[in-house]
Amino acid sequence: MALHTRQSDGRLILIVTLLASTFLMGSSFISGKVLLDQGFPPFLLVGWRFFVAALATLPLVLLDGRSLFAALFPRGVRGREALIVMLIGLAQTAAVMSLLFLAMQTLSAAAAAILLFTNPLWVALASRVLFAERLGLARLSGLLLGIVGVALAIGPEALLSSDPAMLGGLAYGLASALCWAAATLINKRSRLSLGNWSLSFWQMFIGSLFVLLAASFTGEHWPVSVSAAQWGWFLWLAIPASTGSFGLWFLALKKGNATRVSGFLFFAPLFAVLMSFSVLGTQLSWVQGLGALAIALAIWLVNSRA
C-alpha cells in the first residue's frame with residue numbers, strides 16, 4: 001500500500017513537473033511576440049535572451065555532480081567534441097530561435113509554436129532516411145498524419161497566399177523546426193561527455209554569441225527607451241521561460257521514460273495557443289485547430305512502440 005502510494009505520488013510530481021515545463025515553454029512565444037510587436041529587433045532579442053539564460057544556468061551546472069570548472073571543462077574533451085557542442089549551439093539556439101523570432105514577425109505566436117513543435121516528426125523522418133531506422137505502421141501513419149496536420153495548421157489562406165511576408169514567415173517557422181530536428185539528431189548520436197546542464201549552458205552561451213554577432217552585422221539596435229513592463233517581459237523570456245523550462249524538462253527526463261516524457265512536448269504549443277487567446281487576443285480557425293490536434297496525434301504515433 002505504501003509502495004503504491006509512493007508510486008502514485010511520483011507520477012503526480014512528474015506530471016506536474018512536465019506541465020510546468022511546457023507551460024513555461026509556451027509562455028516564451030507570448031512574451032517574445034509581445035516584445036517583437038513593440039519594436040524589439042529579433043536577433044538582439046534572441047541573443048540577449050539566451051546570454052542571460054546561459055548565465056542563469058550556471059548554478060544548475062553544479063547538479064551535474066562536479067565542481068563548476070570541472071563540469072564545464074571536463075577532462076578528455078577533444079577538439080571533435082568541442083566542435084559538436086559548437087554546432088549544437090549554432091543549430092539549437094542560434095538557428096532555431098532566430099528563425100522562430102523572424103517567423104513571429106508575420107505569424108501569430110500560436111501558429112509559430114505549432115510549426116516549431118512539429119520537430120519530432122522531422123526527427124523520425126530523418127532517422128528513417130539517413131539512418132535507415134524502421135518506422136513501422138504506427139510511425140509511418142504518424143508521419144503522414146503529421147504532414148496533413150501541418151498543412152491544416154498553416155491554414156488554406158496562408159498556403160494559397162501570395163503575400164511574400166506570410167510565405168516568408170511560414171518558411172522561417174518550418175526551417176526552425178528542421179534546425180531543431182538536426183540539433184536533436186546531432187545530440188543523440190554524439191554521446192557527449194558533458195552533463196545535461198553543462199551542455200545546456202554551452203549551447204545557449206555559444207548560440208547567443210553567434211546571434212549577437214549577426215545582430216551587429218545587420219545593424220540592429222536595442223530600443224533607446226525600455227519600460228518596466230518590457231523589462232519584465234524580457235526577464236520572463238530569459239529566465240523562467242528559458243532556464244526554468246529547460247531545468248524542469250531535464251528533471252522530468254531523469255524521473256520518467258524519455259519517450260513518454262517527450263509525448264508531453266505538444267502541451268507547449270497548446271499552452272501557447274491558450275495564452276494567445278487570453279493575452280494577445282488572437283484566434284485560430286477550426287481548421288487550424290484540427291491541424292493542431294492531428295499533429296498531436298501524429299507525435300503520439302511517432303513515439304509509439306507499436
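A residue with under 20% relative accessible area is called buried, one with over 50% exposed, and one in between partly exposed. Take Leu58 as a trial case: its relative accessibility is 23%, so Leu58 counts as partly exposed. I will come back to Leu58 later.

What you have on the screen is a predicted model. The protein chain holds 14 helices and zero strands. Read from one end to the other, the pattern is therefore just α written again and again, as α-α-α-α-α-α-α-α-α-α-α-α-α-α. Of the 306 residues in the protein chain, 48% count as buried. As for how the chain folds back on itself, take the contacts between residues at least 6 apart in sequence: 88% of these join residues at least 24 apart.

Now the inside. In soluble globular proteins, nonpolar side chains tend to be buried together. Which residues have the most contacts inside the largest nonpolar core? They are Phe29, Leu45, Leu100, Phe101, Met104 and Phe117, in a core of 56 residues. Several elements give two or more residues to this core, including helix 1 (2-37), helix 2, helix 4 (79-103), helix 5 (109-116), helix 10 and helix 13 (267-280). There is also a second, separate core of 19 residues, and Leu143, Val150, Ala292 and Ile299 are among them.

Leu45 is a good residue to click on. Leaving aside neighbours within four places in sequence, Leu45 is in contact with Gly32, Leu35, Leu36, Phe40, Phe101, Trp222, Phe234 and Leu237.

Next, helix packing. Two packed helices are described by the angle between their axes and the distance between the axes. I have three pairs to show, and helix 2 is in two of them.

The first pair is helix 2, residues 42-61, with helix 10, residues 196-218. Their axes are 8 Å apart, and the angle is about 155 degrees. Why are helix 2 and helix 10 called roughly antiparallel? Angles over 145 degrees count as roughly antiparallel, so this pair falls in that class. The crossing of helix 2 and helix 10 is left-handed. In their contact there are 20 nonpolar residues, six polar ones and no charged ones.

The second pair is helix 2 with helix 4. Here the angle is about 135 degrees and the axes are 9 Å apart. That makes helix 2 oblique to helix 4. The crossing is right-handed. On the helix 2 side, Pro42, Phe43, Leu45, Val46, Arg49 and Phe50 take part, and they meet Thr93, Met97, Ser98, Phe101 and Leu102 of helix 4. This contact divides into eight nonpolar residues, two polar and one charged. Leu45 and Phe101 appear here, and both were on the list of residues with the most contacts in the largest core.

The third pair is helix 5 with helix 13. Their axes come within 8 Å and cross at roughly 175 degrees, and helix 5 and helix 13 are therefore roughly antiparallel to each other. Ala109, Ala110, Ala113 and Ile114 of helix 5 meet Pro269, Ala272, Val273, Ser276 and Leu280 of helix 13. The residues of that contact are eight nonpolar, one polar and no charged.

How many of the residues of helix 5 are buried? Eight of its eight, so helix 5 is mostly covered. By name, they are Ala109, Ala110, Ala111, Ala112, Ala113, Ile114, Leu115 and Leu116.

A few single residues to finish. Lys33 is in helix 1. Is Lys33 buried or exposed? Its relative accessibility is 10%, so Lys33 counts as buried. Not counting neighbours within four places in sequence, Lys33 is in contact with Met104, Gln105, Leu107, Ser108, Ala109 and Leu280. Lys33 and Ala109 are 76 residues apart in sequence, yet 6.1 Å apart in space, C-alpha to C-alpha.

Phe210 sits in helix 10. At 33% relative accessibility, Phe210 is partly exposed. Not counting residues up to four places away in sequence, Phe210 touches Met86, Leu90 and Ala94.

And back to Leu58, as promised. Leu58 lies in helix 2. Beyond the residues up to four places away, Leu58 touches Leu68, Leu72 and Phe201. Between Leu58 and Trp197 there are 139 places in sequence and 8.2 Å in space, C-alpha to C-alpha.

That is the end of my slides.

Definitions and conventions: Residues are numbered from 1 along each chain as its sequence is written. This is a predicted model: local features need pLDDT of at least 70, side-chain atom pairs count only at pLDDT 80 or more; totals for chains, interfaces and linings use all residues. Side-chain values use heavy atoms; hydrogens and water are left out. Axes are lines fitted to C-alpha atoms, for helices over the stretch in contact, and angles run from 0 to 180 degrees between N-to-C directions. Helices (H or I, at least four residues) and strands (E, at least two) are DSSP runs, numbered from the N terminus. Angles under 35 degrees count as roughly parallel, over 145 as roughly antiparallel, 65 to 115 as roughly perpendicular and the rest as oblique. A crossing is left-handed if the near helix is turned anticlockwise from the far one by less than a right angle, and right-handed if clockwise. Ala, Val, Leu, Ile, Met, Phe, Trp, Tyr, Cys and Pro count as nonpolar, Asp, Glu, Lys and Arg as charged, and the others, Gly among them, as polar. A nonpolar core is a set of buried Ala, Val, Leu, Ile, Met, Phe, Trp, Tyr and Cys residues joined through side-chain atoms within 4.5 Å. Buried means under 20% relative accessible area, exposed over 50%, partly exposed in between (1.4 Å probe, protein chains only). Contact means heavy atoms within 4.5 Å.
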